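Let's take a walk through this one together, pocket by pocket. Have the sequence and the 3D view open as you read.

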Amino acid sequence: MHCVVRPASLLPGLLLFGGSLWNPAAASRSTPDCKAFPGDRSWPSPSTWDDLDATLRGQGANLLIPRPPGAVCHADQPEHDLEACEEAKTRWATYDFHAEHPASMMWDTFTNETCMPDAARSCSRDGYPAYVVNATTADHVKTAIDFAREHNVRLVVHSTGHDFLGRSSGAGSLSIWIHHMRGVVHHEGSFTLSQTGGQDQEGLVIPGSAVTVQGGTMMNDIYRATHEHGEVVVGGLARTVGVGGFITGGGHSRLSPEYGLAADQVLQMEVVTPKGDIVVANELQNTDLFWAMRGGGGSTFGVITSVTLKTFPTRRVLSSDMALVIEDLDAPYLWDVVALFMTELPRFVDAGLCGIFSSSLVSPDGQYEGAVEGGSSLLPPSALGFVGQMIAHLDEGDAGEVKSHAAAASLAAFNETLKSRWPEAVAAGDLALRVESKTFPSWYEWWDAIADGQQIAGFSALTGSWLLGKEDLDKADPEVVKEALRSVSAQAHIGLMPHMVGGKGVMEAVPRGGSNSVNPAWRKAYNHLLFANMLPPVDEKAWKESADLINKILQPIRDLSPDSGAYLNEAHKYQRDYQKVFWGDNYDRLAMIKKQMDPEDVFWCHPCVGNEGWEERWDGHLCRVKATDNYLEKSEL
Ligand SMILES: Cc1cc2nc3c(=O)[nH]c(=O)nc-3n(C[C@H](O)[C@H](O)[C@H](O)COP(=O)(O)OP(=O)(O)OC[C@H]3O[C@@H](n4cnc5c(N)ncnc54)[C@H](O)[C@@H]3O)c2cc1C
Ligand SMILES: *[C@@H]1O[C@H](CO)[C@@H](O)[C@H](O)[C@H]1NC(C)=O
Ligand SMILES: *[C@@H]1O[C@H](CO)[C@@H](O)[C@H](O)[C@H]1NC(C)=O
Ligand SMILES: *[C@@H]1O[C@H](CO)[C@@H](O)[C@H](O)[C@H]1NC(C)=O
């Protein structure tokens with residue numbers, strides 16, 4: 001369906017150098033301090049690429065020259081097709097459309113908008129990888145890694161293209177596309193760790209069921225497979241999020257407040273390293289790699305070709321749509337209510353609730369629509385407030401007792417607080433907490449009913465976020481909290497999106513081997529507070545200004561919890577002090593492991609561990625820069 005040509009059917013040399021596809025201005029540059037880039041003299045010759053294709057075919061894989069999915073809309077492109085263009089336009093906003101494509105990204109920013117489904121704009125492959133390896137085995141991945149290392153070609157790893165930080169794309173790169181590396185194997189009752197010979201056999205059998213999933217498997221497949229066994233994994237909400245990016249970033253889930261992050265559930269991984277070794281990492285072998293791959297970020301230490309995750313028995317779910325409604329747009333109490341809500345969230349979490357909200361606090365123009373699932377039907381179009389969807393587990397004793405469940409009780413208590421602090425507003429119906437609850441017989445049935453009810457991909461944006469603890473909010477001056485929240489709302493296009501996904505389970509999680517590299521800030525967090533800004537059409541100056549603005553908008557929130565940090569997978573690509581913000585005290589060890597695993601910087605992405613020695617230029621070249629000893633000095637954009 002998507003337009004992909006194989007080198008065999010269309011000469012790669014012709015495609016790359018014959019037409020208007022690559023920027024001719026860059027064509028004759030020779031840059032020894034840079035990774036080879038299409039048009040450079042150092043770029044591998046067409047016959048070298050043919051050899052790679054031949055090797056891959058011998059292994060049952062193939063090399064693709066990815067065609068931009070928007071090319072169907074452009075008369076000067078070979079795949080111009082009006083019908084396909086209509087389909088591309090209609091489906092551009094869906095996750096599925098981009099997730100199926102070998103090189104597309106959910107967010108246009110990260111393919112540099114070089115070929116949008118818009119005939120009025122130009123179309124080139126400039127923002128896309130030069131070649132894609134359609135990898136389904138560890139050997140295919142190894143072939144790609146070895147080629148990139150030997151030929152000094154930029155390497156990226158692409159699963160679904162969900163990444164908010166664009167780490168799964170790179171202009172002029174060789175991309176390892178692992179989307180077809182999918183599958184789930186269930187282990188009933190226990191899982192036995194693999195280990196190299198000669199070691200003590202004790203402690204090898206890990207009690208409890210588990211699943212081994214291949215590196216490109218999506219949430220959909222994992223949930224479906226575990227549901228057949230009455231089980232569930234700590235997974236994300238969206239159907240098409242891939243396990244690789246999710247796990248390496250940490251992975252929050254509606255189950256996290258109880259069980260911890262997804263990275264905390266990993267028992268073992270198979271990884272292809274930057275040196276081309278196919279290794280097993282667990283608490284018994286390759287322990288540094290095992291530690292680093294659980295929180296240290298994707299496409300940095302290697303490619304995960306399979307990962308084994310602990311599963312949990314499914315339980316009944318109490319699902320609550322919620323709206324905090326403020327009818328009077330000029331109400332003097334508006335920001336007091338918002339600040340109170342934000343400060344109360346940790347108590348909802350402690351009562352067993354987990355959920356995600358979005359807000360429409362600046363103007364009632366429906367900003368909340370599409371941002372998160374659930375609750376929007378409870379917020380009248382004329383009002384402001386928060387909408388969202390929460391769940392809590394119901395156990396045996398909770399049967400038919402939803403009203404007295406701790407989760408419901410915490411919401412009722414908040415309702416009482418609203419009534420006592422703003423009795424007139426509540427009595428007049430100007431201020432209300434609306435909750436509609438339903439029960440589901442299993443986690444899967446709840447998830448299947450709500451996941452991806454709204455799809456909002458296909459635009460250019462940058463996100464920003466911060467992890468907030470309970471004490472920080474409790475001890476903060478309410479006026480300061482109010483001002484911080486008001487300031488974010490006033491400047492962000494998609495305003496405050498509090499995620500109640502931390503809490504007890506995350507704080508008390510004991511990952512295999514004793515620890516992992518997840519940001520220590522998660523272990524104190526209750527609220528992952530997210531916002532996003534749309535980007536103007538690609539322009540270097542505007543881009544940098546937008547990137548800077550996210551840091552500015554974030555500052556008052558950072559000030560509320562300065563020792564905290566942010567969640568790597570849903571954060572600002574150009575986050576200031578990203579090493580400290582995403583990894584805290586784990587950064588130094590991560591950087592050391594990166595040096596050991598990848599001394600030649602075969603893997604590079606931004607913002608990623610150990611990437612300081614290189615810089616991505618505006619035209620796509622990836623070049624060496626003098627790494628400063630103190631990485632914090634290099635924190636300005
Ligand atoms: C709609 C939506 C919903 C989301 N929901 C959640 C959620 O509920 N919880 C949550 O925590 N996050 C969530 N996220 C964020 C998500 O965790 C990140 O976008 C994550 O990067 C997606 O991983 P991916 O592999 O699907 O994406 P990709 O963009 O393909 O990859 C992301 C990063 O991981 C690397 N990578 C991917 N696979 C591998 C692998 N096998 N080995 C090594 N590196 C790999 C890539 O190179 C890249 O660096 C959501 C994002 C979206 C867009
Ligand atoms: C990629 O490989 C898979 C598995 O072999 C195959 O089903 C799929 O069609 C290939 N995709 C492309 C675009 O070649
Ligand atoms: C909050 O109180 C109001 C007024 O008593 C009531 O109508 C509403 O249903 C309550 N909401 C919740 C979530 O308890
Ligand atoms: C991105 O687009 C801009 C504006 O068209 C251009 O100047 C720049 O070279 C492009 N970079 C890449 C990597 O395509």
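What follows covers the ligand sites, then a helix, then a few backbone oddities.

## The site around ligand 1

Keep in mind that this is a predicted model. Start with ligand 1, which has 32 residues around it, with Val 157, Thr 160, Ser 168, Gly 242 and Tyr 567 coming nearest. How much of ligand 1 does the protein cover? On its own the ligand has 940 Å² of accessible area, and the protein covers 96% of that.

Some of the polar partners are backbone atoms. An N or O atom in the backbone of Val 157 sits 2.6 Å from an oxygen atom of ligand 1, and a backbone N or O atom of Ser 159 is 2.8 Å from an oxygen atom of the ligand. Thr 160 uses its side chain instead: an N or O atom there is 2.5 Å from a ligand 1 oxygen. As for secondary structure, strand E4 (155–158), helix H7 (243–249) and strand E13 (303–310) each give at least two residues to this shell. H7 gives the most, with three residues. By class, the shell splits into 12 nonpolar, 17 polar and three charged residues.

## The site around ligand 2

Ligand 2 has Asn 62, Leu 64, Asn 134, Thr 136, Trp 177 and His 180 around it. Two of those asparagines reach it through their side chains. A polar side-chain atom of Asn 134 lies 2.3 Å from an oxygen atom of ligand 2, and one from Asn 62 lies 3.1 Å from an oxygen atom of the ligand. The protein covers 54% of the 360 Å² of accessible area that ligand 2 has by itself. Sorted by class, its shell holds two nonpolar and four polar residues, with no charged ones.

## The site around ligand 4

Now go to ligand 4. Around it you'll find Asn 112, Thr 114, Asp 126, Gly 127, Ala 171, Val 538, Trp 618, Asp 619 and Gly 620. This shell has three nonpolar, four polar and two charged residues.

Which residues make polar approaches to ligand 4? Among them is Asn 112, with a side-chain N or O atom 2.5 Å from an oxygen of the ligand. Asp 126 comes in through its backbone, where an N or O atom is 3.5 Å from a ligand oxygen. Trp 618 also uses a backbone N or O atom, this one 3.0 Å from a nitrogen atom of ligand 4. The protein covers 66% of the 360 Å² that ligand 4 exposes on its own.

## The loop with Asn 112 and Glu 113

Asn 112 has another quirk: a positive phi of about 60°, although it isn't a glycine. It lies in the loop between H4 and E3, and its relative accessibility of 27% makes Asn 112 partly exposed.

What about Glu 113: buried or exposed? This residue is in the loop between helix H4 (95–100) and strand E3 (131–134), and it counts as buried because its relative accessibility is 11%, under the 20% cut-off. Its side chain makes a 2.8 Å polar contact with the side chain of Arg 121. Leaving aside residues up to four places away in sequence, Glu 113 touches Asp 108, Arg 121, Ser 460, Pro 536, Pro 537 and Val 538. Val 538 is also one of the residues around ligand 4.

## Helix H19 and its two faces

Helix H19 runs over residues 587–597, and its buried residues are Tyr 587, Leu 590, Ile 593, Lys 594 and Met 597. Looking down the axis of H19, these fall within an arc of 125°, so they line one face of the helix. Helix H9 (287–293) and helix H18 (578–583) are among what covers them. Turned away from that buried side is a face carrying the exposed residues Asp 588, Met 592 and Lys 595.

## Backbone oddities to check

Past H19, have a look at the peptide bond from His 606 to Pro 607, which is cis, with omega near 0°. Pro 607 sits in the loop between H19 and strand E22 (614–616).

Asn 152 is another residue other than glycine with a positive phi, near 55°. You'll find Asn 152 in the loop between helix H5 (138–151) and E4. With 31% relative accessibility, Asn 152 counts as partly exposed.

Key:
Residues are numbered from 1 along each chain as its sequence is written. Chains are lettered from A and ligands numbered from 1 in the order in which they are written. This is a predicted model: local features need pLDDT of at least 70, side-chain atom pairs count only at pLDDT 80 or more; totals for chains, interfaces and linings use all residues. Side-chain values use heavy atoms; hydrogens and water are left out. Helices (H or I, at least four residues) and strands (E, at least two) are DSSP runs, numbered from the N terminus. Buried means under 20% relative accessible area, exposed over 50%, partly exposed in between (1.4 Å probe, protein chains only). A polar contact is a pair of N or O atoms within 3.5 Å; within protein, one must be able to donate a hydrogen and the other to accept it, and residues adjacent in sequence count only if both atoms are side-chain atoms. Contact means heavy atoms within 4.5 Å. A residue is near a molecule or strand if one of its heavy atoms lies within 4 Å of it. Accessible areas come from the Shrake-Rupley method with a 1.4 Å probe; for residues, only the protein chains shown count as cover. Ala, Val, Leu, Ile, Met, Phe, Trp, Tyr, Cys and Pro count as nonpolar, Asp, Glu, Lys and Arg as charged, and the others, Gly among them, as polar. The arc is that of the directions from the helix axis to the C-beta atoms.
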